[in-house]
Structures are given as structure tokens and as C-alpha cells.
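Got a model open and wondering how its inside is put together? Let's go through it in a few quick questions.

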Amino acid sequence: LSLDCEWNEEDVSPEKPRTLQIAINDGPALNPKLVALIQLDRVTEGGTVDIPNAFKVALNEANSRLVGVSVQLDISNLNHHFDSLIGDVERRKLDLGVWARRIGLVQRGGSLRFLTEKLLSKSLDKESETRCSTWSSFDLSDNQKEYALCDAIAGLQVALELKRLDHVHRTPNPRVEGE
């Protein structure tokens, strides 16, 4: 499950997530079976997030991995502002930048934009006009929606490619005849 959040630039730390984007997959296919953008300000009632139960179940599925770049920060901010929305995090979180460094794809950093370009040969729009826009708006623009959903999808696709590459790096080379 790829997880990402957006927040307003003026929000003080810890940043209050204004949107939650998720992409869910059940298998090796690169295309997710479900992609969702939840405007958290619109589903909050008296400080409690009223997210549809299916999403809460998906976010807390014991066997699911929560993947993303800086995913721990997003989860921490979600749990801080929305009453521990996601449980059992330590065992399930997987930061894509850390994973890419562990298998030797990058030396440092590992932004979603960089990983998407390097692993998927796709560009990811990270224009500051959209990235730094007002995510608490009642009606998000089409650019904001596309930006947010593309981040969730790219996170899932990068995770699947890292999984494939990690498996390749761990599999010993087959013995060549005559060696």
C-alpha cells in the first residue's frame, strides 16, 4: 500500500496532513487495483477522521506494507493529528529512499521524483506551484488531484520495482557452464 500526504506550507510542525493518498495493489502488476485521494479536512468530525471503514481496514491490514518516501513522517503526522489512525507501524513501514540506498541504487537522498525517473523512466511533476498550493481548499484543482494521485501510484510502482531489483540482487548468479 503506497501512502502519501500533502499539507499546507503554512502549517506548523508537526504538519497537519490535509490529504491522504493511497494506492493499493494485490500482486506484481504495476497498475494499482485502487487509488484514492481523501481530503482529510472534509472527513473530520470533531477531531475524529471519518474515513470509510474499507480504507481504515486497508491502512491497518496486518500483512500490508506501508510504502513511500519519508513514509514515517506521513504516518507520524497522521497519527498525531487523527487519533492513531494507523497502528502497528514499525513492522510495516518501508521507506523507498532507504530501500533504494540499501540495495545500492542511490548513495543518498532518494526522492520520489528521482526514483520514478531512475527506476520507471517516467517523469513526475513536482512543480512548486502545485506542490506548495493550499491543500486544505474545499475544492482541489484538477492539477492538485492529478499531482496527489500520481504520487501515490508512483510510490507503488517504485516499490514493486525495488522489490524486483532487491530479489535480483539477493539471487546468486547462476553458474555458467565451463567455469
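Q: Which residues of helix 5 are buried, and why do they line one face of the helix?
A: This is a predicted model, so take what follows as read from a prediction. Helix 5 covers residues 112-120, and its buried set is Leu-112, Leu-115, Thr-116, Leu-119 and Leu-120. Look down the helix axis and those buried residues sit within an arc of 100 degrees, so they line one face.

Q: What phi does Ser-121 take?
A: Ser-121 comes just after helix 5. Its phi is positive, at about 55 degrees.

Q: Is Glu-161 buried or exposed?
A: Glu-161 sits in helix 7, which spans residues 142-170. Leaving out residues up to four places away in sequence, Glu-161 touches Leu-119 and Leu-120. The cut-off for buried is under 20% relative accessible area. Glu-161 has 16%, so it counts as buried.

Q: Which residues touch the most other members of the largest nonpolar core?
A: That core has 21 residues. Strand 1 (2-6), strand 2 (19-24), strand 3 (34-39), helix 1 (53-59) and helix 2 (71-81) each give it two or more. The residues with the most fellow members in touch are Leu-1, Leu-3, Leu-20, Ile-22, Leu-59, Leu-78 and Ile-86.

Q: How many residues are in the other core?
A: This core lies apart from the largest one. Its members include Val-67, Ala-100, Val-106 and Leu-119. The count is 16 residues.

Q: Which residues is Ile-86 in contact with?
A: Set aside the neighbours within four places in sequence. Ile-86 then contacts Leu-3, Leu-59, Asn-60, Leu-66, Ile-75, Leu-78, Asn-79 and Arg-92.

Terms used:
Residues are numbered from 1 along each chain as its sequence is written. This is a predicted model: local features need pLDDT of at least 70, side-chain atom pairs count only at pLDDT 80 or more; totals for chains, interfaces and linings use all residues. Side-chain values use heavy atoms; hydrogens and water are left out. Buried means under 20% relative accessible area, exposed over 50%, partly exposed in between (1.4 Å probe, protein chains only). Helices (H or I, at least four residues) and strands (E, at least two) are DSSP runs, numbered from the N terminus. The arc is that of the directions from the helix axis to the C-beta atoms. Contact means heavy atoms within 4.5 Å. A nonpolar core is a set of buried Ala, Val, Leu, Ile, Met, Phe, Trp, Tyr and Cys residues joined through side-chain atoms within 4.5 Å.
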